[in-house]
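Visitor: I have a structure to go through with you. Could you take my questions one at a time?

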Amino acid sequence: MAANLTFNMDAVLQRLLEECYSLLAALPLFLLALVVVGVFWLVGSWLARRQMLDLVAQRNPFLRELTRTTVRWVVSLIGVLIALEIMDATALVGAVLGTAGVMGVALGFAFKSTMENYLAGILMSLRQPFSPKDHVTIDGNEGIVVALTSRATILMTLDGNHLRLPNALVFSSVMLNYTRNPSRRFAFDVGIGVNEDLVRAQQIGVEVLGTLDGVMETPPPRAYITALGDSNVQIRYHAWVDQRSHDFASVKSEGIRLVKLALEAAEMDMPEPIYRVQLSERNVTTSPINAAPSAPEQDSDSPAVDTRVQADLDEQIAADQRKRGSEDLLDPSAPKE
């Protein structure tokens, strides 16, 4: 029994010695393979730092970094494949590639939404559909563009709240950009009495809007009759605002106020809606109806309303952009879609 045990231990030791000799024999090839991998890694890093790669995405820091990383890893992968060939481990290459393919499919399903947002971010960084501080509405969400990251588009709502929209949603949604065209038209309706001179009412409003600070001369303000109501005629006034120098909402507000005052000064009738009330025959004591209060007199010496561009959110947006640094994929100087 002892002789058999001694025989088996000798065989095990002999096998271990053979494996050690094999490892020692393969050690030079292994060291050579490590040297090849290291050399290719250094070559990939050197190529990634070349200025010629900046020509691929000279206006897009995100795509530029992605290109450099891709070049570095592709060159390194070539070095790994050569190292495996030196060590005569080509079968291992096939197994690794097969495993990588299966894992790639599994990870693709697991991180589908993440990959969609990532790819959409890359495509939008190339297209540049909007610029920083653009006033946009995306899928019903309105705000000022703060930044575009690899996963989400950051907006700041007009109330000063941060809004993150997935890039895949932004890429596939209908987008309304109020800033891309600096000229923007506003409109409002005024009801004029049916017995008034409608042409004169149109002229009064157009003349007043033409003198308002912030309203563009070209295209000029206009007025149209849009509807005939039960007790009045609806006139719609149009005017254009240059949003680069004046605030759209302020100019519209001031335009409505001045047109109303001008029509009242011209003694134009702007009747309120009339309702017919039918009373049943009951012995009800009714109180006298008070006359409608007259419109308050306007002070002609009141200070002019400031209609210039408002910068309420500029400081908040600038602080957020400074905090993000190079993470922002938007380039104000890049050509726009």
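Guide: Helices and strands here are DSSP runs, numbered from the N terminus, with at least four residues for a helix and at least two for a strand. The model is a predicted one.

Visitor: How many helices and strands does the chain have?
Guide: The count follows those DSSP runs. For the chain it comes to 8 helices and 8 strands.

Visitor: What percentage of the residues of the chain count as buried?
Guide: A residue is buried when its relative accessible area is under 20%. The chain has 337 residues, and the buried share of them is 32%.

Visitor: What span should helix 6 have, and how far apart are its end C-alpha atoms?
Guide: Helix 6 covers residues 198-210, which is 13 residues. The expected span is 1.5 Å times one less than the number of residues. That gives 18 Å for helix 6, and the distance between its end C-alpha atoms agrees, at 18 Å.

Visitor: Which residue caps the N-terminal end of helix 6?
Guide: The backbone nitrogen of Val 199 has a side-chain oxygen 3.2 Å away. The residue that supplies this oxygen, and so caps the helix by a polar contact within 3.5 Å, is Asp 197.

Visitor: Which residues of helix 6 are buried, and what arc do they cover around the axis?
Guide: The buried residues are Ala 201, Gln 202, Ile 204, Gly 205, Val 208 and Leu 209. They lie on the same side of helix 6, because the arc they cover around the axis is only 160°.

Visitor: Which elements do the buried residues of helix 6 pack against?
Guide: Three of the partners are strands and one is a helix. They are strand 6 (183-193), strand 7 (222-228), strand 8 (232-242) and helix 7 (248-265).

Visitor: In the largest nonpolar core, which element gives the most residues?
Guide: This core has 22 residues, and those touching the most other members include Phe 186, Phe 188, Ala 201 and Leu 209. Strand 6, helix 6, strand 8 and helix 7 are the elements that give two or more residues to the core. The one that gives the most, with 5 residues, is helix 7.

Visitor: Which residues is Ala 201 in contact with, leaving aside its neighbours within four places in sequence?
Guide: Contact requires heavy atoms within 4.5 Å. With those neighbours left aside, the partners of Ala 201 are Ile 192, Ile 235, Tyr 237, Leu 263 and Met 268.

Visitor: How many salt bridges does a search of the whole structure find?
Guide: Side chains of opposite charge can pair when their charged atoms come close. The cut-off used is 4 Å between a side-chain nitrogen of Lys or Arg and a carboxyl oxygen of Asp or Glu. The search of the whole structure finds 4.

Visitor: How many residues apart are Arg 236 and Asp 189?
Guide: Arg 236 and Asp 189 form a salt bridge, with the closest N and O atoms 2.7 Å apart. Arg 236 is in strand 8 and Asp 189 is in strand 6, so the pair links distant parts of the chain. Their separation in sequence is 47 residues.

Visitor: Is Glu 254 buried or exposed?
Guide: Glu 254 forms a salt bridge with Arg 257, the closest N and O atoms being 2.6 Å apart. Arg 257 is partly exposed, with a relative accessible area of 31%. For Glu 254 the relative accessible area is 7%, which means that Glu 254 is buried.

Terms used: Residues are numbered from 1 along each chain as its sequence is written. This is a predicted model: local features need pLDDT of at least 70, side-chain atom pairs count only at pLDDT 80 or more; totals for chains, interfaces and linings use all residues. Side-chain values use heavy atoms; hydrogens and water are left out. Buried means under 20% relative accessible area, exposed over 50%, partly exposed in between (1.4 Å probe, protein chains only). The arc is that of the directions from the helix axis to the C-beta atoms. A polar contact is a pair of N or O atoms within 3.5 Å; within protein, one must be able to donate a hydrogen and the other to accept it, and residues adjacent in sequence count only if both atoms are side-chain atoms. A nonpolar core is a set of buried Ala, Val, Leu, Ile, Met, Phe, Trp, Tyr and Cys residues joined through side-chain atoms within 4.5 Å.
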